Amino acid sequence: MGKSGSCLKLKLPFISLTLFVISLVFFETPAFTLTASIGRPYQGRLIDGVPFPSQFPGYLLRDQERSYATPEAIATVLDAIDAVRERHPDTCDLFIGDFSREGGGPLNTHRSHQNGRDVDLGMYAKGNRPLDTFESMNDENLDVAKTWILMESLLQSQHIQYIFLDRRIQRLLQQHALTQGVDPSLLEQLFADDRNSPIKHVRGHHDHIH
């Protein structure tokens, strides 16, 4: 992952996963697992979803029973965490909230999280301070550099339809990205908060990335 904005792709396709077969070399499952993500994140279900792995470093899961997802979603999050750890090898773990429950469907406290394709991610705190819950972030406690690397990797994956995040946090990340040489016009498109931009303001998302 480079620092230049040229590495970011603007084409962020709609994630409409159908039945697919994928080899899961890092899970203790049969060689091939059939996973189906049905419907929409706010009205759907998950067939043969995969629990987020617990054997890798770099993150802390809130609840294994609410960590079921598609292999593609899991791989995207793992890659983003690895991107941070490559640049900051001694970084603390990232706190991860909910994906979906086994089988998908309604998940209490959530409107979405029903088909294994969305997740709540915490952010990195300054001072390499580990978090074991979501914490409201601002310019005083947010490790903007690490959190931007996480966001940049998610965007580069081209597996992301939307990222929901409070506008105040967006401004901090955009300002940091500018200092890293990312193309200003590209950042304007990413953070435009309109129907065509992937990053959108949603109230209540000041303590996590959805």
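Me: Let's start with the lining of the largest pocket. How many of its residues are nonpolar, polar and charged?

Reply: The lining of the largest pocket divides into 16 nonpolar, 8 polar and 6 charged residues. Keep in mind that you are looking at a predicted model.

Me: Thanks! What is the volume of that pocket, and which residues should I click on to find its centre?

Reply: The volume of the largest pocket is about 700 Å³. For the centre, go to Pro41, Arg117, Asp118, Tyr162 and His210, which lie nearest to it among the 30 lining residues.

Me: Which elements give two or more residues to that lining?

Reply: They are helix α1, residues 71-87, and strand β8, residues 163-164. The largest share comes from α1, with 4 residues.

Me: Let me step back to the whole fold. How many helices and strands are there, and in what pattern do they follow one another along the sequence?

Reply: The protein chain has 4 helices and 9 strands. Reading along the sequence, you meet β-β-β-β-β-β-α-β-α-β-α-α-β.

Me: What share of the chain counts as buried?

Reply: A residue counts as buried when its relative accessible area is under 20%. Here 48% of the 210 residues do.

Me: And what share of the contacts joins residues at least 24 apart in sequence?

Reply: Start from the contacts between residues at least 6 apart in sequence: 66% of these join residues at least 24 apart.

Me: Now the helices. At what angle do α2 and α3 pack?

Reply: For a pair of helices, look at the angle between their axes; 65 to 115 degrees counts as roughly perpendicular. Helix α2 (residues 144-156) and helix α3 (residues 167-179) pack at about 90°, and their axes are 9 Å apart. The two are therefore roughly perpendicular to each other.

Me: Which residues of α2 and α3 meet there?

Reply: From α2 come Val144, Ala145, Thr147, Trp148 and Met151, and they meet Leu172, Leu173, His176 and Ala177 of α3. This contact is made up of 7 nonpolar residues, 2 polar ones and no charged ones.

Me: I'd like to try some single residues. Where does histidine 201 lie, and what does it contact beyond its sequence neighbours?

Reply: Histidine 201 lies in the segment after β9, the strand at 199-200. Leaving aside neighbours within four places in sequence, its contacts are Leu165, Asp166, Arg167, Gln170 and Asp193. Take aspartate 166 as a case: histidine 201 and aspartate 166 are 35 residues apart in sequence, and their C-alpha atoms are 5.0 Å apart in space. With a relative accessible area of 24%, histidine 201 is partly exposed.

Me: Where is glutamine 64, and what does it contact?

Reply: Glutamine 64 sits in the loop between β5 (59-61) and β6 (68-69). Beyond four places in sequence, glutamine 64 is in contact with Pro51, Phe52 and Ser54. Its relative accessibility is 34%, so glutamine 64 counts as partly exposed. As a further landmark, glutamine 64 and glutamate 102 are 38 residues apart in sequence and 10.0 Å apart from C-alpha to C-alpha.

Me: Where does phenylalanine 56 lie?

Reply: Phenylalanine 56 is in the loop between β4 (50-51) and β5. At 30% relative accessibility, phenylalanine 56 counts as partly exposed. Phenylalanine 56 and leucine 78 are 22 residues apart in sequence, with a C-alpha to C-alpha distance of 9.0 Å.

Me: One last feature: the backbone. What is the phi of threonine 109, and what is the phi of asparagine 128?

Reply: When you read phi, check the sign and then the residue type. Threonine 109 has a positive phi of about 80° although it is not a glycine. Asparagine 128, also a residue other than glycine, has a positive phi near 55°.

Me: Where do I find these two, and are they buried or exposed?

Reply: Threonine 109 is in the loop between β7 (94-96) and α2, and asparagine 128 also lies in the loop between β7 and α2. Exposed means over 50% relative accessible area. Threonine 109, at 74%, is exposed, whereas asparagine 128, at 30%, is partly exposed.

Conventions:
Residues are numbered from 1 along each chain as its sequence is written. This is a predicted model: local features need pLDDT of at least 70, side-chain atom pairs count only at pLDDT 80 or more; totals for chains, interfaces and linings use all residues. Side-chain values use heavy atoms; hydrogens and water are left out. On a 1 Å grid over the protein atoms alone, a cavity is a set of points where a 1.4 Å probe fits but cannot get out, and a pocket is an open set with protein on both sides within 12 Å along at least five of seven lines; lining residues have an atom within 4 Å of a point. Grid points are joined across faces, edges and corners, and a volume is the space filled by probe spheres set on the points. Ala, Val, Leu, Ile, Met, Phe, Trp, Tyr, Cys and Pro count as nonpolar, Asp, Glu, Lys and Arg as charged, and the others, Gly among them, as polar. Axes are lines fitted to C-alpha atoms, for helices over the stretch in contact, and angles run from 0 to 180 degrees between N-to-C directions. Angles under 35 degrees count as roughly parallel, over 145 as roughly antiparallel, 65 to 115 as roughly perpendicular and the rest as oblique. Contact means heavy atoms within 4.5 Å. Buried means under 20% relative accessible area, exposed over 50%, partly exposed in between (1.4 Å probe, protein chains only).
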